[in-house]
Amino acid sequence: MSRPLTLAVPKGRVLKVLVPLLAKAGYDASSFLSDDRALVRTTACGRLEALLLKPDDVPTYVERGVASLGVVGRDVLDEKGSELFRVLDLRVGVCKLAVAAPVGFSAPRGGVLRVATKYPKLALAHYAKKGEQVDVVKLHGSVELGAVTSLADVIVDLVETGRTLVENGLEVIEEVSAVSSVVVANRAAWKVDSERLRAFVASLEAALAAEAEDSKQL
Ligand code: PRP
């Protein structure tokens, strides 16, 4: 049998919804979720292997050709300015990038707005479009705390259910962009291994169509 097709995937929430989608596409990828420390996982059929990564590292593995395909959020690609070929929107990991602030917040008059975020480039670009200069504070997680404490006035962060905001006394004041996970491809692999990669992506497309059909019938 030929070498498995290598996918770079993010550990965590997106992987949990990707595995059922792969099952619908004909791949038993339950090993991707098994509770062990192995960072390379192979499907039951041996045709697919997954590299389990931090989301920010997915583009790197695909750009360098270590993985032919990857699954990654638009937020990560946009923040990196990645020019990876976006092959398919998986409609998973759907959320939005938004500006949020303490409930009842009003912007400081005259001062520079302080913005805490994991996305400094996207935050700067958002305010630059509005002609506003801001002071961006880069964080790596628990971003909401930036606006709960005196670190920042507002945050620019992902909002999925909105629960983290509510539980921390924050609310969305502006939407920046829609986010979802997409399949990205290494451009060389897409040419050299075209048949196999296209067939895999087509199987995911069919799985998405079947899912949409199922949800219509509910
Ligand atoms: C993400 C995001 C928000 C939260 C939003 O954080 O940065 O904090 O999820 O989800 P919600 O709208 O459903 O509450 P993540 O869980 O990835 O952890 P982090 O704080 O370490 O970034």
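A polar contact is taken here as a pair of N or O atoms within 3.5 Å. In this predicted model, an oxygen atom of the ligand lies 2.4 Å from an N or O atom in the side chain of Lys118. The side chain of Thr161 likewise places an N or O atom 2.5 Å from an oxygen atom of the ligand. At Glu160 the partner is a polar backbone atom, 2.8 Å from a ligand oxygen. The ligand exposes 500 Å² when taken alone, and the protein buries 71% of that area.

The shell around the ligand comprises 13 residues, with Lys118, Glu144, Thr161, Gly162 and Thr164 the closest. By type, six residues of this shell are charged, five are polar and two are nonpolar. Strand S9 (154-159) and helix H6 (163-167) each contribute at least two residues to the shell. The largest share, three residues, is supplied by S9.

The ligand occupies the largest pocket, which has a volume of about 1100 Å³. Elements giving two or more residues to the lining of this pocket are helix H1 (13-24), strand S4 (69-73), helix H3 (74-80), S9 and H6. Among these, H3 gives the most, with four residues. In total, 41 residues line the pocket, and Pro55, Asp75, Lys118, Tyr119 and Leu158 lie nearest its centre. The lining divides into 17 nonpolar, 13 charged and eleven polar residues. Lys118 thus appears both among the residues closest to the ligand and among those nearest the centre of the largest pocket.

Methods: Residues are numbered from 1 along each chain as its sequence is written. This is a predicted model: local features need pLDDT of at least 70, side-chain atom pairs count only at pLDDT 80 or more; totals for chains, interfaces and linings use all residues. Side-chain values use heavy atoms; hydrogens and water are left out. A residue is near a molecule or strand if one of its heavy atoms lies within 4 Å of it. A polar contact is a pair of N or O atoms within 3.5 Å; within protein, one must be able to donate a hydrogen and the other to accept it, and residues adjacent in sequence count only if both atoms are side-chain atoms. Accessible areas come from the Shrake-Rupley method with a 1.4 Å probe; for residues, only the protein chains shown count as cover. On a 1 Å grid over the protein atoms alone, a cavity is a set of points where a 1.4 Å probe fits but cannot get out, and a pocket is an open set with protein on both sides within 12 Å along at least five of seven lines; lining residues have an atom within 4 Å of a point. A molecule sits in a cavity or pocket if more than half of its atoms lie within 2 Å of its grid points. Ala, Val, Leu, Ile, Met, Phe, Trp, Tyr, Cys and Pro count as nonpolar, Asp, Glu, Lys and Arg as charged, and the others, Gly among them, as polar. Grid points are joined across faces, edges and corners, and a volume is the space filled by probe spheres set on the points.
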